[in-house]
Amino acid sequence: AAMAARCRLAARFHHIHGTNIRLDASHTQATRVESFANGLCFSQEPLAPGQIFLVEIEEKELGWCGHLRVGLTAHDPQSLEVVPEYSLPDLVNMGDTWVFAITRNHNRVVVEGEEVQARGRFWEPFLLIERVRIPRDTLVGRSRPSRYSHILDDLYKMNVLPATARRSRIGVLYAPQPDGTADMHIVINGEDMGPSARGLPTTRPLYAVVDVFASTKSVRVIPVDYGFPSLQTLCRLVIQKHIVHRLAIDGLDLPPLLKSFCQHE
(Lines give C-alpha, C1' and ligand atoms only; values in the text may rest on other atoms or scores of the structure.)
Protein backbone atom coordinates (compact mmCIF):
# COMPACT_ATOMS: atom_id res chain seq x y z
CA ALA A 1 0.00 0.00 0.00
CA ALA A 2 2.86 2.39 0.83
CA MET A 3 4.50 1.60 -2.50
CA ALA A 4 1.23 2.24 -4.35
CA ALA A 5 0.76 5.61 -2.61
CA ARG A 6 4.33 6.66 -3.35
CA CYS A 7 3.97 5.67 -7.00
CA ARG A 8 0.84 7.80 -7.39
CA LEU A 9 2.64 10.81 -5.89
CA ALA A 10 5.58 10.39 -8.26
CA ALA A 11 3.28 10.06 -11.29
CA ARG A 12 3.24 13.83 -11.70
CA PHE A 13 5.69 16.42 -12.94
CA HIS A 14 7.70 18.52 -10.51
CA HIS A 15 6.79 22.20 -10.25
CA ILE A 16 10.43 22.95 -11.13
CA HIS A 17 10.85 22.75 -14.91
CA GLY A 18 12.28 24.45 -18.00
CA THR A 19 11.22 28.00 -18.86
CA ASN A 20 9.31 26.90 -21.99
CA ILE A 21 7.23 24.24 -20.21
CA ARG A 22 3.58 24.72 -19.21
CA LEU A 23 2.01 22.16 -16.86
CA ASP A 24 -1.73 21.48 -16.66
CA ALA A 25 -3.65 21.75 -13.37
CA SER A 26 -2.99 18.11 -12.47
CA HIS A 27 0.76 18.37 -13.23
CA THR A 28 0.44 15.30 -15.46
CA GLN A 29 0.71 17.05 -18.85
CA ALA A 30 3.78 19.01 -19.92
CA THR A 31 3.72 21.15 -23.06
CA ARG A 32 6.60 23.13 -24.57
CA VAL A 33 4.99 26.42 -25.54
CA GLU A 34 7.74 27.84 -27.77
CA SER A 35 11.16 27.21 -29.31
CA PHE A 36 12.66 23.70 -29.27
CA ALA A 37 14.62 23.81 -25.99
CA ASN A 38 14.13 24.65 -22.29
CA GLY A 39 11.68 21.74 -22.09
CA LEU A 40 13.23 19.91 -19.14
CA CYS A 41 10.86 18.21 -16.64
CA PHE A 42 11.32 16.00 -13.58
CA SER A 43 9.19 13.58 -11.60
CA GLN A 44 7.51 15.17 -8.60
CA GLU A 45 9.09 12.63 -6.23
CA PRO A 46 12.15 10.37 -6.40
CA LEU A 47 11.40 6.97 -7.90
CA ALA A 48 11.30 3.82 -5.80
CA PRO A 49 13.43 0.86 -6.96
CA GLY A 50 11.64 -0.80 -9.87
CA GLN A 51 9.08 1.99 -10.20
CA ILE A 52 8.51 3.10 -13.80
CA PHE A 53 7.88 6.73 -14.73
CA LEU A 54 5.77 6.44 -17.87
CA VAL A 55 4.81 9.19 -20.32
CA GLU A 56 2.80 9.23 -23.53
CA ILE A 57 3.66 11.52 -26.44
CA GLU A 58 0.54 13.64 -27.02
CA GLU A 59 1.64 16.24 -29.56
CA LYS A 60 4.39 16.56 -32.15
CA GLU A 61 5.74 19.70 -33.79
CA LEU A 62 7.08 19.73 -37.32
CA GLY A 63 10.20 21.64 -38.29
CA TRP A 64 12.60 20.47 -35.58
CA CYS A 65 15.23 17.72 -35.58
CA GLY A 66 15.39 15.46 -32.53
CA HIS A 67 12.93 13.76 -30.22
CA LEU A 68 12.01 13.10 -26.59
CA ARG A 69 14.84 12.45 -24.13
CA VAL A 70 14.42 10.49 -20.90
CA GLY A 71 16.56 9.29 -18.03
CA LEU A 72 17.36 9.65 -14.34
CA THR A 73 19.19 12.20 -12.20
CA ALA A 74 20.43 12.23 -8.61
CA HIS A 75 19.99 16.01 -8.50
CA ASP A 76 16.97 17.22 -6.52
CA PRO A 77 15.17 19.69 -8.84
CA GLN A 78 14.76 22.01 -5.84
CA SER A 79 18.55 22.28 -5.60
CA LEU A 80 19.00 23.60 -9.14
CA GLU A 81 19.77 27.30 -9.22
CA VAL A 82 18.75 27.35 -12.88
CA VAL A 83 17.08 24.57 -14.84
CA PRO A 84 19.47 23.68 -17.68
CA GLU A 85 18.43 24.45 -21.25
CA TYR A 86 19.07 20.88 -22.38
CA SER A 87 19.24 17.47 -20.69
CA LEU A 88 21.95 16.58 -23.23
CA PRO A 89 24.59 17.77 -22.67
CA ASP A 90 23.88 20.42 -19.99
CA LEU A 91 22.25 18.36 -17.21
CA VAL A 92 24.40 15.29 -17.95
CA ASN A 93 27.55 17.41 -17.69
CA MET A 94 26.58 18.28 -14.10
CA GLY A 95 27.25 14.63 -13.22
CA ASP A 96 25.08 11.93 -11.61
CA THR A 97 22.64 12.13 -14.54
CA TRP A 98 21.90 9.52 -17.19
CA VAL A 99 19.80 10.60 -20.19
CA PHE A 100 19.23 9.11 -23.64
CA ALA A 101 17.48 10.39 -26.74
CA ILE A 102 14.57 8.26 -27.93
CA THR A 103 14.99 7.09 -31.52
CA ARG A 104 13.78 4.15 -33.57
CA ASN A 105 16.76 2.26 -32.18
CA HIS A 106 18.14 2.48 -28.68
CA ASN A 107 21.38 2.18 -26.74
CA ARG A 108 22.04 -0.98 -24.75
CA VAL A 109 25.04 -1.40 -22.45
CA VAL A 110 26.38 -4.96 -22.58
CA VAL A 111 29.09 -6.22 -20.23
CA GLU A 112 31.95 -8.00 -21.99
CA GLY A 113 31.07 -11.64 -22.46
CA GLU A 114 27.38 -11.12 -21.74
CA GLU A 115 24.85 -12.43 -24.21
CA VAL A 116 21.95 -10.26 -25.30
CA GLN A 117 18.83 -12.04 -24.08
CA ALA A 118 15.45 -12.04 -25.73
CA ARG A 119 13.32 -9.13 -24.56
CA GLY A 120 10.14 -11.13 -24.04
CA ARG A 121 7.05 -11.80 -26.07
CA PHE A 122 4.52 -9.03 -26.57
CA TRP A 123 1.53 -11.27 -25.85
CA GLU A 124 2.74 -11.98 -22.29
CA PRO A 125 0.56 -10.01 -19.84
CA PHE A 126 3.46 -8.71 -17.75
CA LEU A 127 6.83 -7.20 -18.56
CA LEU A 128 9.52 -8.65 -16.31
CA ILE A 129 12.63 -6.57 -15.52
CA GLU A 130 14.83 -8.14 -12.87
CA ARG A 131 12.31 -8.74 -10.05
CA VAL A 132 9.87 -6.09 -11.25
CA ARG A 133 6.59 -7.15 -12.87
CA ILE A 134 4.66 -4.44 -14.75
CA PRO A 135 1.29 -4.89 -16.52
CA ARG A 136 2.26 -4.73 -20.20
CA ASP A 137 -1.12 -3.40 -21.34
CA THR A 138 -0.48 -0.10 -19.52
CA LEU A 139 2.89 0.26 -21.21
CA VAL A 140 1.65 0.01 -24.80
CA GLY A 141 0.51 3.12 -26.70
CA ARG A 142 -3.17 3.45 -27.58
CA SER A 143 -4.83 4.86 -30.67
CA ARG A 144 -6.64 8.17 -30.51
CA PRO A 145 -10.31 7.58 -29.58
CA SER A 146 -12.33 7.42 -32.79
CA ARG A 147 -14.80 5.25 -34.67
CA TYR A 148 -12.12 2.73 -35.64
CA SER A 149 -9.84 2.98 -32.60
CA HIS A 150 -10.68 -0.57 -31.49
CA ILE A 151 -9.03 -1.81 -34.69
CA LEU A 152 -6.02 0.44 -34.28
CA ASP A 153 -5.59 -0.60 -30.64
CA ASP A 154 -5.02 -4.19 -31.77
CA LEU A 155 -2.31 -2.97 -34.14
CA TYR A 156 -0.68 -0.91 -31.41
CA LYS A 157 -0.59 -3.95 -29.11
CA MET A 158 1.53 -5.66 -31.75
CA ASN A 159 4.14 -2.96 -31.11
CA VAL A 160 4.04 -1.49 -34.62
CA LEU A 161 3.87 2.05 -33.21
CA PRO A 162 7.20 3.88 -33.80
CA ALA A 163 8.95 5.00 -30.61
CA THR A 164 8.80 8.68 -31.54
CA ALA A 165 5.18 8.72 -32.79
CA ARG A 166 2.17 10.27 -31.12
CA ARG A 167 0.55 7.91 -28.58
CA SER A 168 3.87 6.14 -28.05
CA ARG A 169 4.59 5.39 -24.39
CA ILE A 170 8.09 5.75 -22.96
CA GLY A 171 9.12 4.76 -19.44
CA VAL A 172 12.26 4.79 -17.30
CA LEU A 173 13.12 2.88 -14.12
CA TYR A 174 16.11 1.58 -12.21
CA ALA A 175 16.73 -1.99 -11.05
CA PRO A 176 19.04 -2.52 -8.02
CA GLN A 177 21.95 -4.93 -8.48
CA PRO A 178 23.76 -7.22 -5.99
CA ASP A 179 26.80 -4.90 -5.87
CA GLY A 180 24.71 -2.07 -4.43
CA THR A 181 24.40 -0.10 -7.69
CA ALA A 182 21.51 -0.04 -10.16
CA ASP A 183 20.88 -0.44 -13.89
CA MET A 184 18.68 2.07 -15.71
CA HIS A 185 16.11 0.59 -18.08
CA ILE A 186 14.09 2.41 -20.72
CA VAL A 187 10.81 0.81 -21.83
CA ILE A 188 9.25 1.70 -25.20
CA ASN A 189 5.68 0.55 -25.87
CA GLY A 190 5.99 -2.46 -23.62
CA GLU A 191 9.46 -3.50 -24.76
CA ASP A 192 12.43 -3.35 -22.39
CA MET A 193 15.40 -1.84 -24.19
CA GLY A 194 17.75 -3.46 -21.69
CA PRO A 195 20.20 -1.62 -19.41
CA SER A 196 20.86 1.81 -20.92
CA ALA A 197 23.25 2.72 -18.09
CA ARG A 198 24.90 0.78 -15.29
CA GLY A 199 26.45 1.68 -11.95
CA LEU A 200 23.83 4.20 -10.82
CA PRO A 201 24.01 5.05 -7.09
CA THR A 202 21.17 3.69 -4.97
CA THR A 203 22.21 5.67 -1.88
CA ARG A 204 20.80 8.89 -3.33
CA PRO A 205 17.22 9.67 -4.47
CA LEU A 206 16.80 9.30 -8.23
CA TYR A 207 14.32 11.51 -10.10
CA ALA A 208 12.97 10.80 -13.58
CA VAL A 209 14.07 13.24 -16.30
CA VAL A 210 11.83 13.99 -19.30
CA ASP A 211 13.12 16.48 -21.86
CA VAL A 212 10.25 17.63 -24.11
CA PHE A 213 12.69 18.39 -26.90
CA ALA A 214 12.45 19.48 -30.56
CA SER A 215 9.74 17.55 -32.46
CA THR A 216 8.11 16.36 -29.22
CA LYS A 217 5.64 19.08 -28.23
CA SER A 218 3.59 17.64 -25.34
CA VAL A 219 3.66 14.55 -23.10
CA ARG A 220 1.39 13.16 -20.40
CA VAL A 221 2.27 11.03 -17.36
CA ILE A 222 0.51 7.66 -17.37
CA PRO A 223 -0.03 6.24 -13.86
CA VAL A 224 0.96 2.62 -13.36
CA ASP A 225 -0.72 0.72 -10.54
CA TYR A 226 1.41 -1.42 -8.25
CA GLY A 227 -0.33 -3.70 -5.79
CA PHE A 228 -3.96 -2.78 -5.16
CA PRO A 229 -5.53 -0.33 -7.66
CA SER A 230 -6.20 3.22 -6.48
CA LEU A 231 -9.72 4.57 -5.89
CA GLN A 232 -9.26 6.71 -9.02
CA THR A 233 -8.49 3.62 -11.08
CA LEU A 234 -11.49 1.74 -9.69
CA CYS A 235 -13.77 4.69 -10.56
CA ARG A 236 -12.35 4.76 -14.08
CA LEU A 237 -13.00 1.05 -14.56
CA VAL A 238 -16.63 1.43 -13.46
CA ILE A 239 -17.18 4.43 -15.77
CA GLN A 240 -15.58 2.70 -18.76
CA LYS A 241 -17.66 -0.43 -18.12
CA HIS A 242 -20.90 1.53 -18.60
CA ILE A 243 -20.05 3.48 -21.77
CA VAL A 244 -19.93 2.38 -25.39
CA HIS A 245 -16.72 4.20 -26.24
CA ARG A 246 -14.19 6.53 -24.67
CA LEU A 247 -15.54 9.42 -26.75
CA ALA A 248 -18.77 9.18 -24.72
CA ILE A 249 -16.89 10.34 -21.61
CA ASP A 250 -17.02 13.93 -22.94
CA GLY A 251 -20.83 13.96 -22.53
CA LEU A 252 -20.83 12.77 -18.92
CA ASP A 253 -21.54 15.13 -16.02
CA LEU A 254 -18.14 14.64 -14.39
CA PRO A 255 -15.35 16.97 -13.20
CA PRO A 256 -12.90 17.80 -16.03
CA LEU A 257 -9.94 16.20 -14.21
CA LEU A 258 -11.83 12.92 -13.78
CA LYS A 259 -12.84 12.97 -17.46
CA SER A 260 -9.21 13.48 -18.43
CA PHE A 261 -8.10 10.62 -16.19
CA CYS A 262 -10.71 8.29 -17.71
CA GLN A 263 -9.73 9.17 -21.29
CA HIS A 264 -5.97 8.89 -20.81
CA GLU A 265 -5.56 5.41 -19.42
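## Salt bridges

The structure, a predicted model, holds 8 salt bridges. One of them joins the side chains of D24 and R220, with an N to O distance of 3.9 Å. This pair links distant parts of the chain: D24 belongs to the loop between β1 and β2 (29-32), whereas R220 is in strand β13 (residues 216-222), 196 residues apart. R220 counts as buried, at 8% relative accessibility. A further salt bridge is formed by R32 and E61, whose closest N and O atoms are 2.9 Å apart. Because R32 lies in strand β2 and E61 in the loop between β4 and β5 (69-73), the pair ties together parts that are 29 residues apart in sequence. The two partners are described by their accessibility as follows: R32 is buried, with a relative accessible area of 0%, while E61 counts as partly exposed at 25% relative accessibility.

R167 and E56 also meet through their side chains in a salt bridge, at 3.3 Å from N to O. R167 is located in the loop between α4 (149-157) and β9, and E56 in strand β4, so this pair ties together parts that are 111 residues apart in sequence. Both partners fall below the 20% limit for burial: R167 counts as buried at 10% relative accessibility, and E56 counts as buried at 4%. Salt bridges with shared partners join D24, E58 and R220 into one network.

## The antiparallel sheet

Seven strands are arranged in an open sheet with antiparallel pairing, in the order β1-β2-β13-β4-β9-β10-β11. The edges are occupied by β1 (21-23) and β11 (191-201); each has a single partner strand, so one side of each is left without a neighbour in the sheet. On average, neighbouring strands of this sheet are turned by 25 degrees against each other, direction ignored.

## Strand β4 and its partners

In the order of the sheet, β4 stands between β13 and β9. Of the 8 residues of β4, 6 are buried, so the strand is largely enclosed by the rest of the structure. Strand β4 (residues 53-60) pairs with strand β9 (residues 169-176) in the antiparallel sense over 4 bridges. Within this pairing, G171 in β9 is the bridge partner of L54, and E56 stands opposite R169 in β9. E56 is thus placed opposite R169 in β9 and also takes part in the salt bridge with R167.

Strands β4 and β13 run antiparallel and are joined by 6 bridges. E59 stands opposite S218 in β13. Strand β13 also contains I222, which is buried, with a relative accessible area of 2%. The C-alpha atoms of I222 and T138 are separated by 8.1 Å, although these residues are 84 residues apart along the chain.

## H185 in strand β10

H185 is located in strand β10 (residues 181-188). At 4% relative accessibility, this histidine counts as buried. The side chains of H185 and D192 are joined by a polar contact of 3.0 Å. Leaving aside neighbours within four places in sequence, the contacts of H185 include I129, E130, V172, L173, A175, G194 and P195. Also among the contacts of H185 is G171, the residue in β9 that serves as bridge partner of L54.

## Aromatic pairs

The structure holds 5 aromatic pairs. F36 and Y86 form a tilted pair, at 6.3 Å centre to centre and with 35 degrees between the planes. F36 lies in the loop between β2 and β3 (40-42) and Y86 in the loop between β5 and α2 (87-93), so the pair ties together parts that are 50 residues apart in sequence. F36 is partly exposed, with a relative accessible area of 27%, whereas Y86 is buried, with a relative accessible area of 18%.

Y86 also pairs with F213: the ring centres are 6.2 Å apart and the planes stand at 75 degrees, so the pair is edge-to-face. This pair again links distant parts of the chain, with Y86 in the loop between β5 and α2 and F213 in the loop between β12 (207-211) and β13, 127 residues apart. Both Y86 and F213 are buried. Together with W64, the residues F36, Y86 and F213 form one aromatic cluster.

Technical notes:
Residues are numbered from 1 along each chain as its sequence is written. This is a predicted model: local features need pLDDT of at least 70, side-chain atom pairs count only at pLDDT 80 or more; totals for chains, interfaces and linings use all residues. Side-chain values use heavy atoms; hydrogens and water are left out. Helices (H or I, at least four residues) and strands (E, at least two) are DSSP runs, numbered from the N terminus. Buried means under 20% relative accessible area, exposed over 50%, partly exposed in between (1.4 Å probe, protein chains only). A polar contact is a pair of N or O atoms within 3.5 Å; within protein, one must be able to donate a hydrogen and the other to accept it, and residues adjacent in sequence count only if both atoms are side-chain atoms. Contact means heavy atoms within 4.5 Å. Two strands pair if DSSP finds at least two bridges between them. Axes are lines fitted to C-alpha atoms, for helices over the stretch in contact, and angles run from 0 to 180 degrees between N-to-C directions. A salt bridge is a side-chain nitrogen of Lys or Arg within 4 Å of a carboxyl oxygen of Asp or Glu. Rings of Phe, Tyr and Trp (its six-membered ring) pair if their centres lie within 6.5 Å; planes under 30 degrees apart count as stacked, over 60 as edge-to-face and the rest as tilted.
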